[in-house]
Amino acid sequence: MKNIEGILENYYRTKDAKDLANLFERYMHEIGARKLDRRRKDTSNTYQIDGDSTNWNRVECYYYRNNGDWQKYGEFEFCITLRKRSGSYLLIEVGNPNCEIERPYEISYGRMVHHNKDLLTKLAEMHPKLFGMMCE
């Protein structure tokens with residue numbers, strides 16, 4: 001996928017937190033992921049969207065591919081966070097089973113703060129439809 005950074009920057013400038021939540025939920029339904037249900041033991045191929053706790057000022061979207069412990073921060077495959085009111089940033093984080101989190105992309109107040117092109121490209125290759133939906 002070409003110009004992933006441009007896609008993310010344009011999305012950050014033009015969309016709101018609820019837009020990200022709707023897009024992420026649509027993408028999760030397309031790949032067959034189900035909403036995280038904390039009562040189940042199997043949390044593989046699930047997603048979680050949190051925006052209610054901040055009155056939709058910030059939305060955090062998590063995808064759990066493997067059966068990780070959703071209570072441990074970093075046990076997700078990737079997370080996208082967008083905050084537009086009471087702050088302004090877009091973060092993409094990639095987790096792993098060791099609870100080590102890497103940020104392939106971060107934009108804050110209109111300027112790029114962090115960028116790991118290799119990791120971002122790898123994530124875009126794993127989820128091309130998600131980044132394609134961000135162009136719409």
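**Exercise 1. Find out which residues of α1 and α3 meet, and how the two helices cross.**

Start with the contacts: I4, E5 and L8 of α1 touch K117, L120, T121 and A124 of α3. Sorted by class, this contact is made of 4 nonpolar, 1 polar and 2 charged residues. Keep in mind that you're looking at a predicted model.

Next, the geometry. Helix α1 covers residues 4–14 and helix α3 covers residues 117–126; their axes come within 10 Å and cross at roughly 80 degrees. Angles from 65 to 115 degrees count as roughly perpendicular. That's why α1 and α3 are described as roughly perpendicular to each other.

**Exercise 2. Work out whether the buried residues of α1 line one face or are spread around the helix.**

Step one is to list them: I4, E5, I7, L8, Y11 and Y12 are the buried residues in α1. Step two is to look down the axis of α1, where these buried residues fall within an arc of 160 degrees, so they line one face of the helix.

The spacing helps here. An α-helix has 3.6 residues a turn, so residues three or four places apart point the same way.

**Exercise 3. Do the same for α3, then say what its buried residues pack against.**

In α3, the buried set is L119, L120, L123 and A124. Around the axis they cover an arc of only 135 degrees, which puts them on the same side of α3. Turn to the other side of α3 and you'll find D118, K122 and E125, which are exposed.

Now for the partners. The buried residues of α3 pack against α1, β4, β5 (89–94), β6 (102–108), β7 (111–115) and α4 (128–135).

**Exercise 4. Repeat the analysis for α4: which residues are buried, and what covers them?**

The buried residues in α4 are L130, F131, M133 and M134. Their arc around the axis is only 155 degrees, which places them on the same side of α4. The cover over the buried residues of α4 includes α1, α2, β4, β5 and α3.

**Exercise 5. Trace the aromatic pairs that involve F24, and classify their geometry.**

Searching the whole structure turns up 5 aromatic pairs. Take F24 and Y47: their ring centres are 6.4 Å apart and their planes sit at 70 degrees, so the pair is edge-to-face. The cut-off behind that call is an angle over 60 degrees.

Where do F24 and Y47 lie? F24 is in helix α2 (residues 17–30) and Y47 is in strand β2 (residues 46–50), so this pair ties together parts that are 23 residues apart in sequence. F24 has 0% relative accessibility and counts as buried. Y47 is buried too, with a relative accessible area of 1%.

Next, take F24 and F78. Their ring centres are 6.0 Å apart with planes at 75 degrees, so this pair is also edge-to-face. F78 sits in strand β4 (residues 78–83) and F24 in helix α2, so the pair ties together parts that are 54 residues apart in sequence. Both F24 and F78 are buried.

Put it together: ring pairs link F24, Y47, Y63 and F78 into a cluster.

**Exercise 6. Check the two residues with positive phi in the loop between β2 and β3, and decide whether each is buried or exposed.**

Begin with N55, which has a positive phi of about 55 degrees although it isn't a glycine. N55 is in the loop between β2 and β3 (58–64). Its relative accessibility is 58%, so N55 counts as exposed.

Then look at W56. Its phi is near 65 degrees, again a positive value in a residue other than glycine. W56 is in the loop between β2 and β3 as well. With a relative accessible area of 19%, W56 is buried; the cut-off for that label is under 20%.

**Exercise 7. Describe the surroundings of Q48.**

Place the residue first: Q48 is in strand β2. With a relative accessible area of 18%, Q48 is buried.

Now leave aside the neighbours within four places in sequence. Q48 is then in contact with L36, R38, E60, C61, Y62 and Y64. For a distance check, compare Q48 with L23, which is 25 residues apart from Q48 along the chain: their C-alpha atoms are separated by 13 Å.

How values were computed. Residues numbered from 1 in each chain as written. Predicted model: local features only at pLDDT ≥ 70, side-chain atom pairs only at ≥ 80, totals over all residues. Heavy atoms only, no water. Axes fitted to C-alpha atoms, helices over the stretch in contact; angles between N-to-C directions. Helix = DSSP H or I, 4+ residues; strand = E, 2+ residues; numbered from the N terminus. Parallel < 35°, antiparallel > 145°, perpendicular 65-115°, else oblique. Contact = heavy atoms within 4.5 Å. Nonpolar A, V, L, I, M, F, W, Y, C, P; charged D, E, K, R; others polar. Buried < 20%, exposed > 50% of the residue type's maximum accessible area, 1.4 Å probe, protein only. Arc of directions from axis to C-beta. Phe/Tyr/Trp six-rings, centres within 6.5 Å; stacked < 30°, edge-to-face > 60°.
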